[in-house]
Amino acid sequence: MEGDFLDTVLRFYKEQKWKEVLDLSLVESAVTRKLVWVWPSENNLLLIKHIIRDFRLSGVISIGCGSGLFEWLLEKYSGFPVKGYEVNESWWLSKYSTPQFIKLNFPELPPTRDILEPNYALLFCYFNDGDAFREYIRCYEGDFVFIIGPGLGAGRHTDPEPFNPNFGSPDWLLYKSQEVRDTKDFIAVYARLRTINNPHQ
Ligand SMILES: C[S@@+](CC[C@H](N)C(=O)[O-])C[C@H]1O[C@@H](n2cnc3c(N)ncnc32)[C@H](O)[C@@H]1O
């Protein structure tokens, strides 16, 4: 089942059939999690696309993107570029790694300002290192951060959590949120206060 599932995803990916990949969301999550923690719906991707478009951003930088499957779907759906960053380059280049759907970049750590272009939104999907999250936020001079993870009572854990992140500063406000299909995972959109107070700046 797992092998068949992966083959199907890879075949659709090769043929650039992103809609067909989205429809595979019905497969049991224990199987899909090997590739990606969150299998979005079109409506979820639309939320992100609208933020990028409405605030005239250039695209999304995903930190801890893993296989990059979510990011590939987002790029195909929205037409905006999505860049992915990961750690452990040697593992991702090894024969044991999961397949990759976008080019992975490996930042110097601690991260520097030049990779976190301010006209891009940051995305943390099932990120699991609060200290590293705050390090990235400290270097980021842009205004939008997407946090995807479990809602309260989902029985899973991420750091940051979508509804209880610690940004390390009081500059950020929850702007919008949406459940990922009916999974009890949520996309939380955070905006810098200055943007919400003065949207046409
Ligand atoms: C639970 S996985 C989630 C992967 C993917 N976003 C998903 O939703 O399927 C967390 C990922 O964050 C990456 N990660 C951990 N610390 C990081 C850091 N400081 N910078 C970039 N990526 C990091 C890990 O290598 C891992 O692939």
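**View 1. The ligand and its pocket.** A molecule counts as sitting in a pocket if more than half of its atoms lie within 2 Å of the pocket's grid points. By that yardstick, the ligand in this predicted model sits in the largest pocket. There are 14 residues around the ligand, and those that come nearest are Trp37, Gly64, Glu86, Cys125 and Tyr136. Sorted by class, this shell is made up of 10 nonpolar, 3 polar and 1 charged residues.

**View 2. Polar contacts to the ligand.** Start with Glu86: one of its polar side-chain atoms lies 2.5 Å from an oxygen atom of the ligand. Trp37 joins in through its backbone, where a polar atom is 2.9 Å from a ligand oxygen. Cys125 also uses a polar backbone atom, this one 2.9 Å from a nitrogen atom of the ligand. As for cover, the ligand taken alone exposes 600 Å², and the protein buries 85% of that.

**View 3. The Lys17 and Glu15 salt bridge.** Side chains of opposite charge can pair when their charged atoms come close. Here the side chains of Lys17 and Glu15 do just that, with 3.1 Å from N to O. Are these two partners buried or exposed? Neither label fits: Lys17 has a relative accessible area of 35% and Glu15 comes in at 39%, so both count as partly exposed, the class between 20% and 50%.

**View 4. The Asp131 and Arg134 salt bridge.** Asp131 pairs up with Arg134 in another salt bridge, and their closest N and O atoms are 3.1 Å apart. In total, the model has 11 salt bridges.

Definitions and conventions:
Residues numbered from 1 in each chain as written. Predicted model: local features only at pLDDT ≥ 70, side-chain atom pairs only at ≥ 80, totals over all residues. Heavy atoms only, no water. Near = heavy atom within 4 Å. Polar contact = N/O pair within 3.5 Å; in protein donor to acceptor, adjacent residues only side chain to side chain. Areas by Shrake-Rupley, 256 points an atom, 1.4 Å probe, with all protein chains shown as cover. 1 Å grid on protein atoms, 1.4 Å probe; cavity = no way out; pocket = protein on both sides within 12 Å on 5 of 7 lines; lining within 4 Å. Nonpolar A, V, L, I, M, F, W, Y, C, P; charged D, E, K, R; others polar. Salt bridge = Lys/Arg side-chain N within 4 Å of Asp/Glu carboxyl O. Buried < 20%, exposed > 50% of the residue type's maximum accessible area, 1.4 Å probe, protein only.
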